[in-house]
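This report walks through helix packing and charge pairing in one chain. Start with the display below.

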Amino acid sequence: MTHKDVTGGEAPVAAPREGWFPGRGIGGAALVLGPLLWAAGLLLRYLGLRSAGFTPAELEWFGRQPFAVHSQVAAYVENPGTVTAGYACFAAGALLLCPAFVTLARTVALRCPRLAAWGGTLLVIALFARLYHAGVEQAAFDLAEAQGLRRAVDFVLSSYADISYGPWRVPVTASACQYPGMVLLAIGAFRSGTFGLARCVALVMAGALWGGVLKAAEVSDVVWAAGLCLALVPLGVRLLRGTAPEPRGGSSRLLSW
């Protein structure tokens, strides 16, 4: 099997095989399920607030606040099922995106090892921070159930920097790694011929998603998460079927998928 380089030549490569970490089966499944759960989580987080029965005036007030803590905790109190499902799917998506991006990085590394190593490593580090955020968010929801909405919101806002940045600012520093990580991996995916320009742009835009605790999902976040699905899921399906991604070379790659 071959990949075409940017000059149109060909060099032999091999797709990730079974026995490589995380393996073709696990990596392919993660590439399919990870972005789908990620997108579903963002959609449910968006719907959880809009379907909680708030008036337009209340939604407008939420939008004026500097932090989304009010809206997210209030949405949980009024609509716990949808909000919990949204945060749970988002966390599960972050978990599965770890082996997904490792698999993508292994494919990119066959032609662009340095970009793959740095991009993949930074992205995995950033996804670890998402689990720290999930723990803080669950604690805030539990506090709202135990002590009421007002006391929970007041506590979170009074200590927001400490609980969202984490001890020694490790979680917030890790979270920031997603921005250079996604850019580097997208450049590697394009230069290696793994993805065309359109899917690389989708990767970069998905990588611009906010980080932090109790953030509100917007329509644009759901759209770019859907773009991540369009970029990663086809690669996962190919790997599950036992085939490598088809590279593209030459000048036409500037308009390629």
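## α5 against α6

α5 passes α6 in a right-handed crossing. The model is predicted. Helix α5 covers residues 113-147 and helix α6 covers residues 149-158. Their axes come within 7 Å and cross at roughly 140°. That angle makes α5 oblique to α6, because oblique takes in what lies between roughly perpendicular, 65 to 115 degrees, and roughly antiparallel, over 145.

On the α5 side, the contact uses Ala-140, Leu-143, Ala-144 and Gln-147. On the α6 side, Leu-149, Arg-151, Ala-152, Phe-155 and Val-156 meet them. By class, this contact has seven nonpolar residues, one polar and one charged.

## α5 itself

α5 has 35 residues. From first C-alpha to last, α5 reaches 52 Å, close to the 51 Å expected at 1.5 Å a residue. Gly-148 follows α5, and the phi of Gly-148 is positive, near 100°.

## α5 against α9

α5 also packs with helix α9, residues 178-191. The two axes come within 7 Å and cross at roughly 145°. This crossing is left-handed.

α5 contributes Leu-115, Ala-116, Trp-118, Gly-119, Gly-120, Leu-122, Leu-123, Ala-126 and Arg-130. α9 contributes Gln-178, Pro-180, Gly-181, Met-182, Leu-184, Leu-185, Ile-187, Gly-188 and Arg-191. The class count for α5 with α9 is 11 nonpolar, five polar and two charged residues.

## α10 against α11

α10 and α11 pack at an angle of about 130°, with axes 8 Å apart. They are therefore oblique to each other. The crossing of α10 and α11 is left-handed.

α10 brings Arg-199, Ala-202, Leu-203, Met-205 and Ala-206 to the contact. These meet Trp-224, Gly-227, Leu-228, Leu-230, Ala-231, Leu-232, Pro-234 and Leu-235 in α11. The classes here are 11 nonpolar, one polar and one charged.

## Salt bridges

How many salt bridges does a search of the whole structure find? The search finds two. Side chains of opposite charge can pair when their charged atoms come close.

One pair is Glu-218 with Arg-50, at 3.6 Å from N to O. This salt bridge links distant parts of the chain, 168 residues apart. Glu-218 sits in the loop between α10 (197-206) and α11 (219-240). Arg-50 belongs to helix α1, residues 24-50.

Methods
Residues are numbered from 1 along each chain as its sequence is written. This is a predicted model: local features need pLDDT of at least 70, side-chain atom pairs count only at pLDDT 80 or more; totals for chains, interfaces and linings use all residues. Side-chain values use heavy atoms; hydrogens and water are left out. Axes are lines fitted to C-alpha atoms, for helices over the stretch in contact, and angles run from 0 to 180 degrees between N-to-C directions. Helices (H or I, at least four residues) and strands (E, at least two) are DSSP runs, numbered from the N terminus. Angles under 35 degrees count as roughly parallel, over 145 as roughly antiparallel, 65 to 115 as roughly perpendicular and the rest as oblique. A crossing is left-handed if the near helix is turned anticlockwise from the far one by less than a right angle, and right-handed if clockwise. Contact means heavy atoms within 4.5 Å. Ala, Val, Leu, Ile, Met, Phe, Trp, Tyr, Cys and Pro count as nonpolar, Asp, Glu, Lys and Arg as charged, and the others, Gly among them, as polar. The expected span of a helix is 1.5 Å times one less than its number of residues. A salt bridge is a side-chain nitrogen of Lys or Arg within 4 Å of a carboxyl oxygen of Asp or Glu.
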